[in-house]
Amino acid sequence: MDNREGLSDEEINYIEKLSIKMDEVRGFLTDDMPSDFPNESLINQYKTLKGFRRIIGNIDNDLSFIGCLLIKEFLKQRHLFLSLNMALKPQGSPGLDFDERTSDGERIIGELKTTYPYKESDLGANQKSNFIKDFEKLQLNVADYKYFFVTEFKTFNIVRSKYSQYLTGISLVLLPDGLSNEEFIITYS
């Protein structure tokens, strides 16, 4: 797919801003990053990290936005929509990550986690709490289709093996793998 094909002006705008951020990161790492960071003074180490943080901002929101574009691609393969614009809902805002109607009026809801598990074979306590809240959001809402999207293979396996009891009526999808391989889409009935 052409990167701009099927994207709204707002989605393209977001990606262009993200591209500028990535250029700034590249420039920082090549021009401003001390070549011998461990031997820099504590003050210079602090200033370096502070400058890097200023550039990357809330990178989790950026990753989540790209994840939402993957959701858009996934859903367009399976459902018909008049239009989908993933840039309308700010990243990190409350409510469902995805809540739209198909052109036939069917409601589709979804939650996205770009989380990498804190533990080797399970989620950390805070991660688990947040996941369960998202599972409950999906369970409490009436919809024709419910999806729980993850972007990490390890997270997919942990959710599949340890949290499937929360997924009745929900499809677990690993992105981007689920775009081309049905093995990474599990529907719990």
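Rings of Phe, Tyr and Trp count as an aromatic pair if their centres lie within 6.5 Å. By that criterion the structure, a predicted model, holds 14 aromatic pairs. A pair of aromatic rings is described by the distance of the centres and the angle of the planes. Two pairs are described here, followed by a cluster.

Tyr 14 and Phe 65 form a stacked pair. Their centres are 3.9 Å apart, and the planes differ by 25 degrees, where under 30 degrees counts as stacked. Tyr 14 lies in helix α1, residues 9-32, and Phe 65 lies in helix α3. The pair therefore ties together parts that are 51 residues apart in sequence. Tyr 14 is partly exposed, because its relative accessibility is 24%. Phe 65 is buried, with a relative accessible area of 1%.

Phe 74 and Tyr 147 form an edge-to-face pair. Here the distance is 5.4 Å centre to centre, with 85 degrees between the planes; over 60 degrees counts as edge-to-face. Phe 74 belongs to helix α3, and Tyr 147 to strand β3, residues 145-150. The parts tied together by this pair are thus 73 residues apart in sequence. Phe 74 counts as buried at 0% relative accessibility. Tyr 147 counts as buried at 6%. One aromatic cluster is formed by Phe 131, Phe 135, Phe 148, Tyr 163 and Tyr 166.

Helix α3 contributes Phe 65 to the stacked pair and Phe 74 to the edge-to-face pair. The helix has 20 residues. At 1.5 Å a residue, α3 should span 28 Å. Its end C-alpha atoms are 29 Å apart, so the model agrees with the expected span. The buried residues of α3 include the charged residues Asp 62, Lys 72 and Glu 73. Among the others are Ser 64, Gly 67, Cys 68, Leu 69, Ile 71 and Leu 75.

Helix α3 also takes part in the largest pocket. This pocket has a volume of about 620 Å³. It is lined by 28 residues, and the closest to its centre are Ser 64, Gln 91, Gly 92, Asp 97 and Leu 112. The elements that give two or more residues to the lining are α3 (59-78), β1 (98-101), β2 (107-113) and α4 (125-140). The lining divides into eight nonpolar, 10 polar and 10 charged residues.

Strand β3 pairs with strand β4. The two strands run parallel and are joined by four bridges. Tyr 147 stands opposite Ser 171 in β4. Strand β4 covers residues 171-174. From this strand, Ser 171 and Val 173 point one way, while Leu 172 and Leu 174 point the other way. All four of these residues are buried.

The loops on either side of β4 were also examined. Ile 170 is placed in the loop between α5 (153-162) and β4. Ile 170 counts as buried, because its relative accessibility is 0%. Ile 170 and Lys 146 are 24 residues apart in sequence, yet their C-alpha atoms are 4.9 Å apart in space. Pro 176 is found in the loop between β4 and β5 (185-187). A cis peptide bond joins Leu 175 to Pro 176, with omega at about 5 degrees.

Key: Residues numbered from 1 in each chain as written. Predicted model: local features only at pLDDT ≥ 70, side-chain atom pairs only at ≥ 80, totals over all residues. Heavy atoms only, no water. 1 Å grid on protein atoms, 1.4 Å probe; cavity = no way out; pocket = protein on both sides within 12 Å on 5 of 7 lines; lining within 4 Å. Points joined across faces, edges and corners; volume = space filled by probe spheres on them. Phe/Tyr/Trp six-rings, centres within 6.5 Å; stacked < 30°, edge-to-face > 60°. Buried < 20%, exposed > 50% of the residue type's maximum accessible area, 1.4 Å probe, protein only. Expected span 1.5 Å × (residues − 1). Pairing = 2+ DSSP bridges.
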